[in-house]
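Below is a set of questions about how certain terms come to be applied to a model. Each reply sets a value against the cut-off in use.

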There are 4 protein chains.
Amino acid sequence: KEYLTTFFAATHPKYSTSVFRFTKEPTHVAVPYVWKYKLAKERLLELAEILPPEEAERRNINFVNPGLKQYFPAIAAATLPTLRGGIQMLKPGERAYTHRHTANAFRFVLESPSEGAYTIVEGHKLPMRPGDVILTPNWTWHDHHNEGSSYAIWFDGLDVITAYWLGGVFYQDFGDVNVDKYQKIENTNEDVMAKYLGVKPTFETLPSHLPSSDNPLFYYPYSLIRNSLVRLAGKGKGDPYYGIELEYINPTNGSPAFPTMSLKIRLIRGKDELKPIRRTENRIFIVFEGSGTFEIEGQKYVVEPYDVIAIPSWKKYSIRNDSNENLIVFSYSDEPVFKALGFMREKKEE
Amino acid sequence: KEYLTTFFAATHPKYSTSVFRFTKEPTHVAVPYVWKYKLAKERLLELAEILPPEEAERRNINFVNPGLKQYFPAIAAATLPTLRGGIQMLKPGERAYTHRHTANAFRFVLESPSEGAYTIVEGHKLPMRPGDVILTPNWTWHDHHNEGSSYAIWFDGLDVITAYWLGGVFYQDFGDVNVDKYQKIENTNEDVMAKYLGVKPTFETLPSHLPSSDNPLFYYPYSLIRNSLVRLAGKGKGDPYYGIELEYINPTNGSPAFPTMSLKIRLIRGKDELKPIRRTENRIFIVFEGSGTFEIEGQKYVVEPYDVIAIPSWKKYSIRNDSNENLIVFSYSDEPVFKALGFMREKKEE
Amino acid sequence: KEYLTTFFAATHPKYSTSVFRFTKEPTHVAVPYVWKYKLAKERLLELAEILPPEEAERRNINFVNPGLKQYFPAIAAATLPTLRGGIQMLKPGERAYTHRHTANAFRFVLESPSEGAYTIVEGHKLPMRPGDVILTPNWTWHDHHNEGSSYAIWFDGLDVITAYWLGGVFYQDFGDVNVDKYQKIENTNEDVMAKYLGVKPTFETLPSHLPSSDNPLFYYPYSLIRNSLVRLAGKGKGDPYYGIELEYINPTNGSPAFPTMSLKIRLIRGKDELKPIRRTENRIFIVFEGSGTFEIEGQKYVVEPYDVIAIPSWKKYSIRNDSNENLIVFSYSDEPVFKALGFMREKKEE
Amino acid sequence: KEYLTTFFAATHPKYSTSVFRFTKEPTHVAVPYVWKYKLAKERLLELAEILPPEEAERRNINFVNPGLKQYFPAIAAATLPTLRGGIQMLKPGERAYTHRHTANAFRFVLESPSEGAYTIVEGHKLPMRPGDVILTPNWTWHDHHNEGSSYAIWFDGLDVITAYWLGGVFYQDFGDVNVDKYQKIENTNEDVMAKYLGVKPTFETLPSHLPSSDNPLFYYPYSLIRNSLVRLAGKGKGDPYYGIELEYINPTNGSPAFPTMSLKIRLIRGKDELKPIRRTENRIFIVFEGSGTFEIEGQKYVVEPYDVIAIPSWKKYSIRNDSNENLIVFSYSDEPVFKALGFMREKKEE
Ligand SMILES: [Fe+2]
Ligand SMILES: [Fe+2]
Ligand SMILES: [Fe+2]
Ligand SMILES: [Fe+2]
């Protein structure tokens, strides 16, 4: 084997196994897809039956892009070329060991008890109430707990496909470098919000074991976010393409929540319809409140709470709120990667 | 007149009018100084008697540095080489015309009625409650109103000395470019906080008539800030030199509140004493809660609420809380200028 | 098909097709590999026989990573997970049509006539002399010409694997949007160097059709670069791990030559040996002068001019100069991507 | 003395010493002024007679703004509010002690022997040939030498007025912290250009005693700069307001040469005339080749080589080349300060 090839294959059989042509516009083997929460949750409940409690942290169902399934068999389950999404469940009384990894991750809580479910990130106890967003940035110690009286289900979003594909995955168990298997609680969500909403402390910074690009806020309560959306909705319908949309930002630099992932939440008022758009980013939406219709490249998908919609680069899509109530959709995408590398483009359609 | 000079003056009388020598450490004609609020307020109340209502916006008392008074006679009243500070009063029923200027300014409210005093910044109605900080950044339309039942007094902080000295002052009255003399109210402090605390809107940005470096948050309520300070004070005494100190930040970039001024607030717990420090910045402190002692280059100053303390570059100072209650001091400085120009240094003393 | 999976596969056959585990350190299906120039050139000369002149621009031989061949069959020939490399030949009298693409590319000239081979980038005629580096950044019009008396062979380096994998590939032929198929020459390498070495023009910037992140210098002559390396070699052996290494920079911001690729050149003095290192980046070396030995994870590879060495993320490697002459190796890597996303790490070994 | 004042002075004699009003456009006590080189050189030659050799480093003539002379008597001779300029002479055989200061400075060489005059900056021996620009950034050790056969005269440009006014001046003699009074020569201008023109070394950075904002290039030879200007002049007349203008940049970040000063050089072709403009910056021009006319706020000044022109903020000015030869003017300004602080504006007039 010589491990040499050429793009020209037509007249020379020796090289015929490999053909690459630039395309006029982005194309990818990943495809648009919609996963219904009802089915995914059913599968998750099945796992809850067959997995023992000590494997609680592996009790998750991942959304696999039909177009990527065949190309990354030995690599990872990819929802879009750079991103993975899944849902995870913790039953009452369960907890998962403390660990950390370079892949950035966040939790967007779907169903949870009113009290008792929480994640600890770098010693901060952060509640997991429906709609809350909890970040576990690059190399932060984290573990999940459910001391409530009913199960907790959340959406896990990760850039692990990016991290793995580049070759940037490091992993560590807390117990490997500490006596205990669990980190201690030293602060709360109130503490971290006190330090980073509108202000920053001059007397302390991120622990030195963390990358300086990490977001120290860790926590965005839905109560705060929802209030913002509803207040803004009282002012108008927002942008014709974006609706009323807020991005979760890293307060220390005004950048996206992660260097690899942009997290946003969008409210579309009753009966409103957004205009179609194409963006080079790969984006995953999760419906949180209300119901509506996504139209992607001419195909319509009716969606309801916690359904997951994957939109690969440059696919034309629009969103319509079919009801009279607000439609609220959360999303995450690799937009920061496109911007950092100079590949971000968008095209507004009519 | 030739308008030529030389540094060498000893042996040549022709050039003897001008001598300049580099100094080993920063020196300046500005001096440390403390102004007592009691006296300044007395003068302000006098002005309230003699000035007619239509001159309400000029009813202010400025703090003039004894060392600078002689050098800038025709220029401006400077509290420190780059900064001006003063107190202003609005009696019930008064208001000031809408205007804007390139000089950045902020209001730190000292005494005000529980309801009715407010500033409008770019159409946002922002309450003026004790301890609130209201920004009027570069070229933002603003006006003040008191519809309450008692007078309102606030501290005005400006970078106008910098702006004037560089040659960057532009000014405009709203009435000169609009039919009305007052801007309209279209939003509130709740709206602007909904858009910029932890998030940012993707569907709108600053109006294009504003510099991109402007801070769009405009408002920091004391209720939020004080809660943060007290919460952090429950964790420990903070930094030995800084105490428990928070900087008000521009949420769109994590930078200081203004490109020219850093606004900070510091809590020193009962009986705590901070270690002495020198910093190249020029810094003005305003006591807000509690009482204590500033020691500046060996001289002690006992201070109480609303007293103003000016500390020029590189003067050694420390702060001690003499009581058992929290001491809370607000401050502003030209630290961002020092950082942008490469001149920031500090020296921690014992 | 449900397109759902779980990481837990051991006890539940339904999900057994997909397993993903975090690894303690980076691992990838890409492998270290060395391609000998002698063989690649032989294949290129074969193509020169069988391809007609009008297909000159497709006459290239690409270096395919043995580990990636099976995973990206329908995608692209990848040398490393983010990068592609190949060699291309233009016979005397040949030229390639003007086109542009969002994927960034550069040419590192290996063998060429003393005069007559050149690339035109955005109207700038840039000579292709051995060792010269010519950039064709994101969306810049470019075409290659050989008006010399012998063939020209150069190395093509591209981030096309990144661009394709993200979904960011746009492509355009000049003839599709212009009357002519070729752009006109309006400037030379001397012009662009006059504008960007140590200075920048205040009266013109990049054409607005280009991304602002593009590097406007386009050209780095080997005469300049080699002189720098040799001069520095006269001062010492440089860094124990890096040797005497220069990075080609975008002069408008001091950043790497491309937002996606860092281009560097390294001189190792006669008989010197660099210490082993691991870096998360994916890096491809091309030997340009001298000969030596690469040791990668314990495996030794003797290399000589124009051999190509691929080193995936985190593989331990070192370089030794076996001769008394200078060893000069050019390289490109995805280091800027790792830095932008927060994944850059390195580990110096003994 | 209470050191309190108010802006309202008309009706209250107590406060009548201080009046400040915002102006619609920038105004300053600094005035436009032109100093003829012939006269300044005459004064410098006089000093050469009366000053002993050991005071060689103080043998300089400074340009004092008529409007600032009265306001900064005890402070410093200011050419414009932020900048100082002067000319300095070193006779054959003279040298000046090694020292450093936080104020940034540069030398623009006017008259010098063909060989033998040089400045040493951080161990780099940099020739002083006519038109060469030599930087001595913040806290860099430097000393000047003339081993040539005739005197050397250069223009000194400094931000010392800024540094002093802020309170950021630190100074040190080499002899105070070293055994010797002179630093050693370890590198040349060729070395530093080899490291920073188009490239940057990966194996070494600025010494840690220097601020990270320092420009490491230190040297811009006129031979390189003039070649660039003339080459670009062959392409056209450049911008209607700026002519053919190049800015000297810090190659590590593409920023101005100093964080406090922008250095530019401009060629106006024979008989060309630039359109009038206003800019908020304070700018000093030095004529280097050719002759022409500056028109500043309606007043015309005929200028010839080495004449110095000071233009304060927002003064309307234009430049006309009266001859058939190129007119080349060097300039420095505080534009980076205006940009950093958000005060930069310009207005193009007809
Ligand atoms: Fe995890
Ligand atoms: Fe004002
Ligand atoms: Fe191409
Ligand atoms: Fe000096």
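The questions below concern a predicted model and deal with metal sites, burial, chain copies and a sheet.

Q: What makes His99(B), His101(B) and His142(B) donors of the iron ion (ligand 2)?
A: A donor is an N, O or S atom within 2.8 Å of the metal. The NE2 atoms of His99(B), His101(B) and His142(B) coordinate the iron ion (ligand 2) at 2.2 Å, so they meet that limit. Water is not among the atoms, so the site may look incomplete.

Q: How are the donors of the iron ion (ligand 2) spaced along the chain?
A: Their spacing is H-x1-H-x40-H.

Q: Which residues coordinate the iron ion (ligand 1), and at what distance?
A: His99(A), His101(A) and His142(A) do, each through NE2, at 2.2 Å. The donor residues of this ion are spaced H-x1-H-x40-H in sequence. The pair His101(A) and His142(A) links distant parts of the chain: His101(A) is in strand β5 (residues 99-101) and His142(A) in strand β10 (residues 142-146), 41 residues apart.

Q: Why is His99(B) called buried?
A: Buried means under 20% relative accessible area. His99(B) has 14%, so the term applies.

Q: How do you know that His101(B) is buried?
A: Its relative accessible area is 3%, and the cut-off is under 20%, so His101(B) counts as buried. In chain A, His101(A) and His142(A) are both buried.

Q: Why are chain B and chain D said to be related as by a two-fold rotation axis?
A: Chain B can be laid on chain D by a turn of 180° and a shift of 0.0 Å along the axis, with an RMSD of 0.0 Å. The two copies are therefore related as by a two-fold rotation axis. The same surface serves both, as 100% of the contact residues of chain B recur in chain D.

Q: How do you know that chain B and chain C do not touch?
A: Contact means heavy atoms within 4.5 Å. No such contact joins chain B and chain C, and their nearest C-alpha atoms are 17 Å apart. Chain A and chain D also have no contact, with their closest C-alpha atoms 17 Å apart.

Q: What makes β1(A) and β3(C) a pair?
A: Two strands pair if there are at least two bridges between them. β1(A) and strand β3 (residues 60-63) of chain C have two bridges, in the antiparallel sense, so they count as a pair. Thr5(A) stands opposite Asn62(C) in β3(C).

Q: Why do β1 of chain A and β15 of chain C stand at the edges?
A: The open sheet of seven strands runs in the order β1(A)-β3(C)-β4(C)-β11(C)-β6(C)-β9(C)-β15(C), with antiparallel pairing. β1 (4-5) of chain A and β15 (219-220) of chain C each have a single partner strand, so one side of each is left without a neighbour in the sheet.

Notes
Residues are numbered from 1 along each chain as its sequence is written. Chains are lettered from A and ligands numbered from 1 in the order in which they are written. This is a predicted model: local features need pLDDT of at least 70, side-chain atom pairs count only at pLDDT 80 or more; totals for chains, interfaces and linings use all residues. Side-chain values use heavy atoms; hydrogens and water are left out. Donors are N, O and S atoms within 2.8 Å of the metal (3.2 Å for Na, K and Ca); water is not among the atoms, so sites may look incomplete. Helices (H or I, at least four residues) and strands (E, at least two) are DSSP runs, numbered from the N terminus. Buried means under 20% relative accessible area, exposed over 50%, partly exposed in between (1.4 Å probe, protein chains only). Copies are superposed by least squares on the C-alpha atoms of residues with pLDDT of at least 70 in both.
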